[in-house]
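Me: I'm new to this one, so could you take a close look at a single part for me? I'd like to hear about the surroundings of the ligand, and then whatever else helps me find my way.

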Amino acid sequence: MRILVTGSSGLLGKSLCPMLDNEGWQYWACNSKIFDITNTKMVNEIMNKISLDFIIHLAGYTNIDQAEDNPELAFNVNQLGTRNIAHIAKKHNIPILYVSTDNVFDGTSETPYKPTDATNPINTYGKSKLAGEKEIIKATKKHYILRTSWLYGAGGYVDAMLTFSNFRKEISVVNDQIGCPTWTDDISRKIVEIIKENKPYGIYHVSSSGSASWADFTKKIFEIKKRNVEVLSIDKSDFPRPALRPKYCVLDSENALPNWENSLEEYLTNKN
Ligand SMILES: NC(=O)c1ccc[n+]([C@@H]2O[C@H](COP(=O)([O-])OP(=O)(O)OC[C@H]3O[C@@H](n4cnc5c(N)ncnc54)[C@H](OP(=O)(O)O)[C@@H]3O)[C@@H](O)[C@H]2O)c1
């Protein structure tokens, strides 16, 4: 198995690549420095010269707030870059797996979103990722689109909170934004399973089971690690940010990962 992995240096790529190693699969791990997905000419030149069996497309412009000031950049990476990568999949007639986001939904639902539910992104990041999904669907039937949410792993939100707890005794966190905190190792295992089992092509919702607010999530981190930090629950309106966030973005899926509290406990077990 020869795999192209874009975005390998990111939060998710760092969890996934060791698992590809464990499978004994050959993969070409790319970040923006060695393979800029927005450079159409370069992408085509390189891809004409290599053989591939599968593409895992993780690369993305992921700064939700900065995307509001830089919509061209966000669309350049998330739409044009994805179009370029999707064309490689089409040209080589190989499957492509694209990781997308809960931000394709507007968050007004009161029940978990199914893969078939109508999309309606309310921020630039979500619009650009949805445009990426459409590029993939237009280019090839051999696609897996995995929508996930609130990823944490080495160097992410959970680690940042633990560092924070060394210096502060209280933190204000929003309690009126609900989602699914999801461990990068859990979704990485699911990606490997999808490839190994040749699952049917299509759109999948892949996040932890259960749901939480950011305040619930943060409290649980401190509780598990026995850190004495008080979490002060606030409303989104008390903490204005450039990008709107969907209020309720729980993903409903037949492919649910383990419960978010159990995964968080496992992730934190081996941390100092
Ligand atoms: N993090 C989340 O909570 C979350 C939730 C839902 C969905 N997702 C999606 O999951 C995917 C992975 O997320 P992540 O958190 O691992 O992202 P991340 O940590 O921000 O990493 C982004 C990756 O994309 C690469 N990249 C950015 N621009 C590029 C370009 N022009 N050409 C080639 N590579 C480029 C980066 O390379 P450099 O290191 O060189 O910059 C990096 O490897 C993304 O597509 C994201 O939209 C993330």
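Reply: Let's start with a term: a residue is near a molecule if its C-beta atom, placed from the backbone, lies within 6 Å of it. Helices here are DSSP runs of at least four residues, numbered from the N terminus. Keep in mind that this is a predicted model.

Now the ligand. It's surrounded by 29 residues, and the closest are Gly7, Gly10, Asn31, Ser32 and Gly60. Three elements each give two or more residues to that shell: α1 (11–23), α4 (71–92) and β4 (96–101). Of these, α1 provides the largest share, with three residues. Sorted by class, the shell holds 15 polar, 11 nonpolar and three charged residues.

Next, have a look at His143, in strand β5, which covers residues 143–148. His143 counts as buried because it has 22 C-beta neighbours inside 10 Å. Leaving out residues up to four places away in sequence, His143 touches Pro95, Ile96, Tyr98, Ile136, Ile137 and Tyr201. For a sense of distance, the C-alpha atoms of His143 and Ile234 are 40 Å apart, with their positions 91 residues apart along the chain.

Finally, there's a pair of helices. The axes of α8 (residues 214–224) and α9 (residues 260–269) come within 10 Å and cross at roughly 45°, which means α8 is oblique to α9. The crossing is right-handed. On the α8 side, Lys220, Ile221 and Ile224 make the contact, and on the α9 side it's Glu261, Leu264, Glu265 and Leu268. By class, that contact has four nonpolar, three charged and no polar residues.

Terms used: Residues numbered from 1 in each chain as written. Predicted model: local features only at pLDDT ≥ 70, side-chain atom pairs only at ≥ 80, totals over all residues. Nonpolar A, V, L, I, M, F, W, Y, C, P; charged D, E, K, R; others polar. Axes fitted to C-alpha atoms, helices over the stretch in contact; angles between N-to-C directions. Parallel < 35°, antiparallel > 145°, perpendicular 65-115°, else oblique. Left-handed = near helix turned anticlockwise from the far one by under 90°. Contact = placed C-beta atoms within 7 Å. Buried ≥ 20, exposed ≤ 12 C-beta atoms within 10 Å, placed from the backbone.
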